[in-house]
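Please examine the sequence and the model shown below. The report that follows describes selected parts of the protein and its surroundings in turn.

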There are 2 protein chains.
Amino acid sequence: MPTSPIAVPTDFETLRTTIVEQRATLPKRLMQVAAYALDHPDEIAFGTTASIAAAASVQPSTLVRFAQHFGLDGFSGLQQIFQARLRGRTASYEDRLRQLESAGAAETESGTILKGFIGAAHQSLDALSAAIEPEKLEQAVDILARAETIYLIARRRSFPVVTSMAYALGKLKIRCQVVSSAAGNDDDLLEQAGPRDAAFAVSFAPYAPESAAQARALADRGIPVVALTDSALSPLAGIAQVWFELMEADHAGFRSLSASLAFAMALTVSVAERRRQL
Amino acid sequence: MPTSPIAVPTDFETLRTTIVEQRATLPKRLMQVAAYALDHPDEIAFGTTASIAAAASVQPSTLVRFAQHFGLDGFSGLQQIFQARLRGRTASYEDRLRQLESAGAAETESGTILKGFIGAAHQSLDALSAAIEPEKLEQAVDILARAETIYLIARRRSFPVVTSMAYALGKLKIRCQVVSSAAGNDDDLLEQAGPRDAAFAVSFAPYAPESAAQARALADRGIPVVALTDSALSPLAGIAQVWFELMEADHAGFRSLSASLAFAMALTVSVAERRRQL
DNA sequence: GACCTAGTGGAATACCTGTTCCAGAAATGG
DNA sequence: CCATTTCTGGAACAGGTATTCCACTAGGTC
């Protein structure tokens with residue numbers, strides 16, 4: 001049942017573009033398969049109809065139909081295309097990167113900058129895995145897992161850390177409140193916080209005074225505060241019940257938040273996991 | 001029947017060296033398999049016992065014996081090692097983390113989760129540096145550097161990416177506008193955009209329809225759009241003048257934004273740098 | 001030279017594979 | 001609104017899978 005009037009794809013790139021072209025007209029389930037296939041090409045190459053179908057939340061027969069939709073005989077034909085893509089690709093990732101570096105002598109400026117930030121992020125992550133003490137992390141998870149509502153405090157550069165946490169917490173059905181509203185009712189919000197709640201505050205130099213003030217206000221009222229900051233000299237260090245020091249490596253004076261976000265996500269998921277056990 | 005007293009190999013390199021070490025003492029037929037396997041690793045990864053046995057002039061059962069000789073359960077275990085070698089999922093980081101685990105004895109659950117996210121972030125960064133084409137990056141920088149105002153479009157999970165960009169752009173005195181206000185005046189904001197402006201849109205699956213709609217509205221009026229998304233099937237791919245595909249590795253079904261933020265910062269700083277030269 | 005052990009070939013098997021088929025659901029068009 | 005086409009889920013099936021098992025061979029040892 002080759003729907004397409006054009007030739008059937010025989011290599012991965014052709015298949016890929018064909019899929020993208022038909023994006024609009026593809027039936028729902030076939031679309032699901034298309035998305036999964038392009039996102040997890042290795043799984044298609046190595047998996048079985050059963051395993052792939054399960055991973056893509058689809059029936060095995062749908063995989064066959066998907067392949068036939070593009071003029072192939074069946075799933076096996078599709079799989080061969082995905083396998084061919086991997087064949088002969090003997091080089092490991094690291095090897096490939098090395099090749100890119102040596103080959104791509106003519107570096108663009110933006111490419112250099114990107115590599116710089118990628119390098120800085122790698123460094124930050126390594127520092128993170130070395131710096132975090134498991135016991136403190138457990139304590140922090142404990143505090144936040146017991147909280148009815150988690151108040152998230154951050155300004156400026158740290159702000160994205162708490163917004164991404166807020167999104168994830170929301171998905172996990174854990175109540176949280178970002179305290180950084182443009183409406184200016186932050187203090188009203190914080191007054192609603194009670195001793196059964198908890199707060200997570202993030203602040204990097206130059207420390208926003210509001211964040212520290214809000215964290216202190218909560219701490220004074222007996223609400224436990226967990227903090228993420230970049231130095232023992234941070235105002236948060238003296239306020240928080242548990243605090244973590246995380247120094248993002250910088251590139252050209254700018255710091256990205258790669259490690260902070262990895263930490264935030266780990267904290268979030270750990271809290272959710274702990275909650276299930278309570 | 002694990003002949004070797006040492007641990008069973010779990011990655012290709014270990015297996016390879018183990019085979020080479022035992023070269024002298026290996027029985028004839030197993031030697032035949034060893035030679036074939038090292039010469040045609042792709043065949044082992046993709047073939048079946050029957051096809052490989054025929055190609056190596058050996059019985060299928062010999063393949064099983066070969067695998068068991070190295071302490072593996074059977075041929076399937078052997079095949080998995082050869083498959084992992086070709087998988088984009090670089091075993092290297094996972095292996096390194098596993099080593100850390102075995103060294104660091106008593107693991108806490110949150111510690112394991114953190115390491116998972118750190119590993120995923122490393123992987124994402126590697127994928128980023130392999131995937132980004134310098135020419136496209138230059139084009140994007142060009143577009144954004146010429147813009148009077150940069151409109152930043154993102155929702156939900158992607159939102160932190162643009163807030164961190166907004167912060168950095170502000171520091172760099174580059175005018176920008178986050179189009180995601182709670183006030184609901186997004187469309188009014190977008191109407192102010194003119195052909196001398198530009199937009200940067202971020203959207204990951206499941207794609208927020210508003211983001212695509214806003215990006216399209218701008219594109220239709222001749223305003224160039226640069227996009228960051230996670231799949232060629234993303235609605236943004238068809239809209240943007242230049243778009244980048246960046247797939248964050250996931251841990252336990254959750255994705256952090258480590259690589260996206262590194263990319264965003266690189267783009268921001270590159271744009272600032274380019275502006276100084278204009 | 002008989003014995004034993006390690007190695008080998010090949011058939012038997014239980015399981016799982018990709019594929020087909022069809023009833024019914026959903027979408028489409030008049 | 002119904003008729004018609006397209007799409008989907010699930011069971012059924014034939015073929016191939018990795019594995020096991022056992023008879024047999026080869027090579028070395030007392």
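In helix α2 of chain A, the buried residues are L30(A), V33(A), A34(A), Y36(A), A37(A) and L38(A). Here, buried means under 20% relative accessible area, exposed means over 50%, and partly exposed lies in between, with a 1.4 Å probe and protein chains only. Helices (H or I, at least four residues) and strands (E, at least two) are DSSP runs, numbered from the N terminus. An α-helix has 3.6 residues a turn, so residues three or four places apart point the same way. Helix α2 of chain A covers residues 28-39, and its twelve residues reach 17 Å from the first C-alpha to the last, close to the 16 Å expected at 1.5 Å a residue. The expected span is 1.5 Å times one less than the number of residues in the helix. The cover over the buried residues of α2(A) includes α1 (12-21), α3 (41-46), α4, α5 and α6 of chain A.

This is a predicted model, in which local features need pLDDT of at least 70 and side-chain atom pairs count only at pLDDT 80 or more, while totals for chains, interfaces and linings use all residues. Residues are numbered from 1 along each chain as its sequence is written, chains are lettered from A and ligands numbered from 1 in the order in which they are written, and side-chain values use heavy atoms, with hydrogens and water left out.

**Chain A as a whole**

The secondary structure of chain A consists of 14 helices and seven strands. Chain A has 278 residues, of which 52% count as buried. Its accessible surface is about 12600 Å², and carbon and sulfur atoms make up 53% of that area. Such areas come from the Shrake-Rupley method with a 1.4 Å probe; for residues, only the protein chains shown count as cover. A contact means heavy atoms within 4.5 Å. Among the contacts in chain A between residues at least 6 apart in sequence, 70% join residues at least 24 apart.

T229(A) offers an example from strand β4 of chain A, which comprises residues 225-229. T229(A) counts as buried because its relative accessibility is 0%. Residues up to four places away in sequence aside, T229(A) touches S203(A), F204(A), Y207(A), S234(A), L236(A), W243(A), F244(A), E245(A) and L246(A). The C-alpha atom of T229(A) is 8.2 Å from that of A205(A), although the two residues are 24 places apart along the chain.

**The two DNA strands**

A residue is near a strand if one of its heavy atoms lies within 4 Å of it. DNA strand C is surrounded by 16 residues, and the closest are T49(A), F75(A), S76(A), R29(B) and Q59(B). Of the atoms of DNA strand C that come within 4 Å of the protein, 71% belong to sugar and phosphate. The surface near DNA strand C is made up of four nonpolar, nine polar and three charged residues. In this grouping, Ala, Val, Leu, Ile, Met, Phe, Trp, Tyr, Cys and Pro count as nonpolar, Asp, Glu, Lys and Arg as charged, and the others, Gly among them, as polar.

DNA strand D is surrounded by 15 residues, the closest being R29(A), Q59(A), T49(B), F75(B) and S76(B). Sugar or phosphate accounts for 76% of the atoms of DNA strand D within 4 Å of the protein, and bases for the rest. The surface near DNA strand D divides into four nonpolar, eight polar and three charged residues. Helix α5(B) gives the most to this surface, with three residues.

The table lists N or O pairs between protein and DNA.

| Protein atom | DNA atom | Distance |
|---|---|---|
| Q68(A), polar side-chain atom | strand C, phosphate oxygen | 3.2 Å |
| S61(B), polar side-chain atom | strand C, base oxygen | 3.2 Å |
| R65(B), polar side-chain atom | strand C, base nitrogen | 3.4 Å |
| K28(A), polar backbone atom | strand D, phosphate oxygen | 3.3 Å |
| S61(A), polar side-chain atom | strand D, base oxygen | 3.2 Å |
| R65(A), side-chain N or O atom | strand D, base oxygen | 3.3 Å |

**Two buried residues of chain B**

R155(B) lies in the loop between β1 (150-154) and α10 (159-171) of chain B. R155(B) is buried because its relative accessible area is 13%. A polar atom of the R155(B) side chain lies 3.0 Å from the backbone oxygen of V179(B). Apart from neighbours within four places in sequence, R155(B) is in contact with V179(B), S180(B), D186(B), A208(B), E210(B), S211(B) and Q214(B).

Q22(B) is located in the loop between α1 (12-21) and α2 of chain B. With 13% relative accessibility, Q22(B) counts as buried. Its side chain makes a polar contact of 2.9 Å with the side chain of H69(B). A polar contact is a pair of N or O atoms within 3.5 Å; within protein, one must be able to donate a hydrogen and the other to accept it, and residues adjacent in sequence count only if both atoms are side-chain atoms.
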